[in-house]
Amino acid sequence: MTTLKLAISESQIQECVGRLAQLIQADYQDQPLLVVGVLHGSFVFLSDLIRHMHLPIQVDFIRLSSYDESAKSSGAVRLHHGVRTSVVGKNVLVVEDIVDTGLTAQFLRGYFEDQGAATVRICSLLDKPVRRRTSVTVDYVGFEVPDQFLVGYGLDYNQQYRELRALYSLEARTDGS
């Protein structure tokens with residue numbers, strides 16, 4: 001049996017999204033920006049983030065996997081669906097739900113650089129540096145979080161809990177309930 005414990009409230013998330021959007025907007029100052037969401041976990045965050053920005057924006061998505069059903073990283077990043085928009089000469093902002101091992105973020109930076117992007121920056125709602133397996137720069141971080149499995153606000157566990165408006169830690173109950 002599992003229980004949900006509030007980790008980050010809806011109001012904290014929305015305040016953070018506004019702050020990140022201001023930082024991004026200041027850095028790009030009316031330059032066109034291709035915002036690439038990493039499916040599936042980032043779609044809620046990306047949607048809120050771009051509505052706070054006043055920049056010429058294109059949006060595309062990429063689908064990768066590095067997790068299996070056990071909620072642990074497999075260590076291997078697999079590309080399932082690349083972007084359909086040309087990135088050549090463009091400023092690319094990759095929007096992630098969470099960076100933990102750093103393997104996916106490292107893969108994405110290299111992928112877009114190899115595709116000819118002018119710049120590649122990474123924005124992640126959550127950063128879990130305690131789980132790093134490789135050094136990676138996350139340019140915009142919403143919250144640094146401890147080593148807990150989080151769900152809600154687009155993040156899931158076996159395709160459940162994405163619809164929650166706040167973030168919750170998923171905890172196994174040991175009392176037999």
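Two residues are in contact here when heavy atoms of theirs lie within 4.5 Å of each other. With that in hand, welcome to this structure, which is a predicted model.

## Around His40

A good place to start is His40, in the loop between β2 (residues 33-39) and α2. Which residues does His40 touch, not counting those up to four places away in sequence? They are Arg63, Gly154 and Arg162. His40 is partly exposed, with a relative accessible area of 37%. Leu164 is 124 residues away from His40 in sequence, and the C-alpha atoms of the two are 14 Å apart in space.

The backbone deserves a look here too. Most peptide bonds are trans. The bond that joins Leu39 and His40, however, is cis, with omega at about 5°.

## Two helices that cross

Two packed helices are described by the angle between their axes and the distance between the axes. Helix α1 covers residues 10-28 and helix α2 covers residues 43-52. Their axes come within 8 Å and cross at roughly 55°. Angles from 35 to 65 degrees fall outside the parallel and perpendicular classes, so α1 is oblique to α2. The crossing of α1 past α2 is right-handed.

Which residues make this contact? From α1 come Gln14, Val17, Gly18, Leu20, Ala21, Ile24 and Gln25, while α2 brings Phe45, Asp48, Leu49 and His52. Sorted by class, the contact of α1 with α2 has six nonpolar, four polar and one charged residues.

## Salt bridges

Side chains of opposite charge can pair when their charged atoms come close. How many salt bridges does the structure hold? There are seven, and a few of them are worth visiting.

Asp48, met above in the contact between α1 and α2, also forms a salt bridge with Arg51, with the closest N and O atoms 2.3 Å apart. Both residues lie in helix α2, three residues apart, which is about one turn of the helix. Is Asp48 buried or exposed? Asp48 has a relative accessible area of 11%, and since buried means under 20%, Asp48 is buried. Its partner Arg51 has 58%, and because exposed means over 50%, Arg51 counts as exposed.

Another salt bridge joins the side chains of Arg109 and Asp139, at 3.1 Å from N to O. Arg109 sits in helix α3 (residues 103-114) and Asp139 in the loop between β6 (119-127) and β7 (140-144), so the pair ties together parts that are 30 residues apart in sequence. Arg109 counts as buried, at 17% relative accessibility, whereas Asp139 counts as partly exposed, at 33%.

Arg131 and Asp147 form a salt bridge as well, with their closest N and O atoms 3.7 Å apart. Arg131 lies in the loop between β6 and β7 and Asp147 in the loop between β7 and β8 (150-151), so this pair links parts that are 16 residues apart in sequence. Arg131 counts as partly exposed, at 27% relative accessibility.

## Thr104 and Asn158

Back in helix α3, you will find Thr104. Thr104 counts as buried, at 16% relative accessibility. What does Thr104 contact once its neighbours within four places in sequence are left aside? The list is Leu64, Ser66, Val77 and Glu96.

Asn158 has its place in the loop between β8 and β9 (167-172). At 41% relative accessibility, Asn158 counts as partly exposed. Asn158 and Leu55 are 103 residues apart along the chain, and 35 Å separates their C-alpha atoms.

## Positive phi angles

Most residues other than glycine have a negative phi. Asp30 has a positive phi, near 70°, and is not a glycine. Where is Asp30 found? Its place is the loop between α1 and β2. Asp30 is exposed, with a relative accessible area of 59%.

Tyr161 likewise has a positive phi, of about 85°, although it is not a glycine. Tyr161 lies in the loop between β8 and β9, the loop that also holds Asn158. Is Tyr161 buried or exposed? Tyr161 is buried, with a relative accessible area of 19%.

Key: Residues are numbered from 1 along each chain as its sequence is written. This is a predicted model: local features need pLDDT of at least 70, side-chain atom pairs count only at pLDDT 80 or more; totals for chains, interfaces and linings use all residues. Side-chain values use heavy atoms; hydrogens and water are left out. Axes are lines fitted to C-alpha atoms, for helices over the stretch in contact, and angles run from 0 to 180 degrees between N-to-C directions. Helices (H or I, at least four residues) and strands (E, at least two) are DSSP runs, numbered from the N terminus. Angles under 35 degrees count as roughly parallel, over 145 as roughly antiparallel, 65 to 115 as roughly perpendicular and the rest as oblique. A crossing is left-handed if the near helix is turned anticlockwise from the far one by less than a right angle, and right-handed if clockwise. Ala, Val, Leu, Ile, Met, Phe, Trp, Tyr, Cys and Pro count as nonpolar, Asp, Glu, Lys and Arg as charged, and the others, Gly among them, as polar. A salt bridge is a side-chain nitrogen of Lys or Arg within 4 Å of a carboxyl oxygen of Asp or Glu. Buried means under 20% relative accessible area, exposed over 50%, partly exposed in between (1.4 Å probe, protein chains only).
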